[in-house]
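This briefing covers the sheet, the nonpolar cores and the aromatic pairs of one protein model. The sequence and structure come first, then the notes.

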Amino acid sequence: MNIAVFASGNGSNFQAIADAVKEGRLKADIKLLVCDKPEAGVVERASQAGVPVFCFRPKSYENKAAFEKEIVEELESRQVEIIALAGYMRLIGDTLLHAFDRRIVNIHPSLLPAFQGKDAIGQAWKAGVKVTGVTIHWVDAGIDTGEIIAQQPIDIKESDSLRSLTAAIQAEEHRLYPDTLQRLTSSISRRESEKI
Ligand code: GRF
């Protein structure tokens, strides 16, 4: 299965996916990292992992459709089948959604539909909930609204701080994302071979 990862920041989830591929836990090829912030830490992680990078500056394009068209060309030329968003801080537009219908997944650090949007861990912390977690979902035109694929709850303990909660959520993300991508790639491969 050929996948692309989209990210804008540090890239710890990119790293977890790349490590899982290297260790054979995720049977996929990362064909491309797409990044809208050339200075982001994830770019260095990709070059260390030998993954090609497509970086762009959104402001140098006329509009979202213009840069997404270029991204689609990059993805199609590499036969990418699944896109994994991993901290990509942009709403996916129609151009990408149509080209990769039901083939884009996202990871979000809360139990959706609770705490959509930015700073989900901080939102949960401020709300004083006792349970939060991690969600992986299909991407649609909304912000963190697509159909849920997998969820893992995480208890917030009396002894937790925002920092320790963030660390617990990130550790869970790094386990759940590669595992879920592996499950998805096997079920998609099964579906494809049944067509033959
Ligand atoms: C993760 O918490 C992910 O759930 C959210 O953005 C964050 C990205 O972190 N969508 P990193 O860049 O992978 O470290």
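The notes below are grouped by topic.

The model is a predicted one. Its seven strands make an open sheet with mixed pairing, and its largest nonpolar core holds 36 residues. The count of aromatic pairs comes to five.

**Sheet**

- The strand order in the open sheet is 3-2-1-4-5-6-7.
- Strand 3 (53–55) and strand 7 (148–155) are the edge strands; each has a single partner strand, so one side of each lacks a neighbour in the sheet.
- On average, neighbouring strands of this sheet are turned by 20 degrees against each other, with direction ignored.
- Strand 2 (residues 29–35) and strand 3 run parallel and are joined by three bridges.
- Cys 55 in strand 3 has Cys 35 standing opposite.

**Helices on the sheet**

- Helix 2 (residues 41–49) packs on the sheet and touches strand 1, strand 2 and strand 3. The direction of helix 2 makes about 155 degrees with that of strand 2.
- Helix 3 (residues 64–77) lies across strand 1, strand 2, strand 3 and strand 4. Relative to strand 2, helix 3 runs at about 165 degrees.

**Nonpolar cores**

- Within the largest core, the residues with the most contacts are Phe 14, Ile 17, Ile 30, Leu 33, Val 42 and Tyr 177.
- Helix 6 (residues 162–195) gives the most to this core, contributing seven residues.
- Another core, of 20 residues, lies apart from the largest one; among its members are Val 34, Val 72, Leu 85 and Leu 96.
- Beyond its neighbours within four places in sequence, Val 42 is in contact with Ala 7, Gly 9, Asn 10, Gly 11, Phe 14, Leu 33 and Cys 35.

**Aromatic pairs**

- One of the five aromatic pairs is Phe 6 with Tyr 88: the ring centres are 5.2 Å apart and the planes stand at 75 degrees, so the pair is edge-to-face.
- Phe 6 belongs to strand 1 (residues 2–7), while Tyr 88 sits in the loop between strand 4 (82–85) and helix 4 (94–99), so this pair ties together parts 82 residues apart in sequence.
- Phe 6 and Tyr 88 are both buried.
- The pair of Phe 54 and Phe 56 is stacked, at 5.9 Å centre to centre with 20 degrees between the planes.
- Phe 54 counts as buried at 10% relative accessibility, and Phe 56 is buried with a relative accessible area of 2%.
- Phe 54, Phe 56, Tyr 61 and Phe 67 are linked into a cluster by ring pairs.

How values were computed
Residues numbered from 1 in each chain as written. Predicted model: local features only at pLDDT ≥ 70, side-chain atom pairs only at ≥ 80, totals over all residues. Heavy atoms only, no water. Core = buried A, V, L, I, M, F, W, Y, C linked by side-chain atoms within 4.5 Å. Buried < 20%, exposed > 50% of the residue type's maximum accessible area, 1.4 Å probe, protein only. Helix = DSSP H or I, 4+ residues; strand = E, 2+ residues; numbered from the N terminus. Contact = heavy atoms within 4.5 Å. Phe/Tyr/Trp six-rings, centres within 6.5 Å; stacked < 30°, edge-to-face > 60°. Pairing = 2+ DSSP bridges. Axes fitted to C-alpha atoms, helices over the stretch in contact; angles between N-to-C directions.
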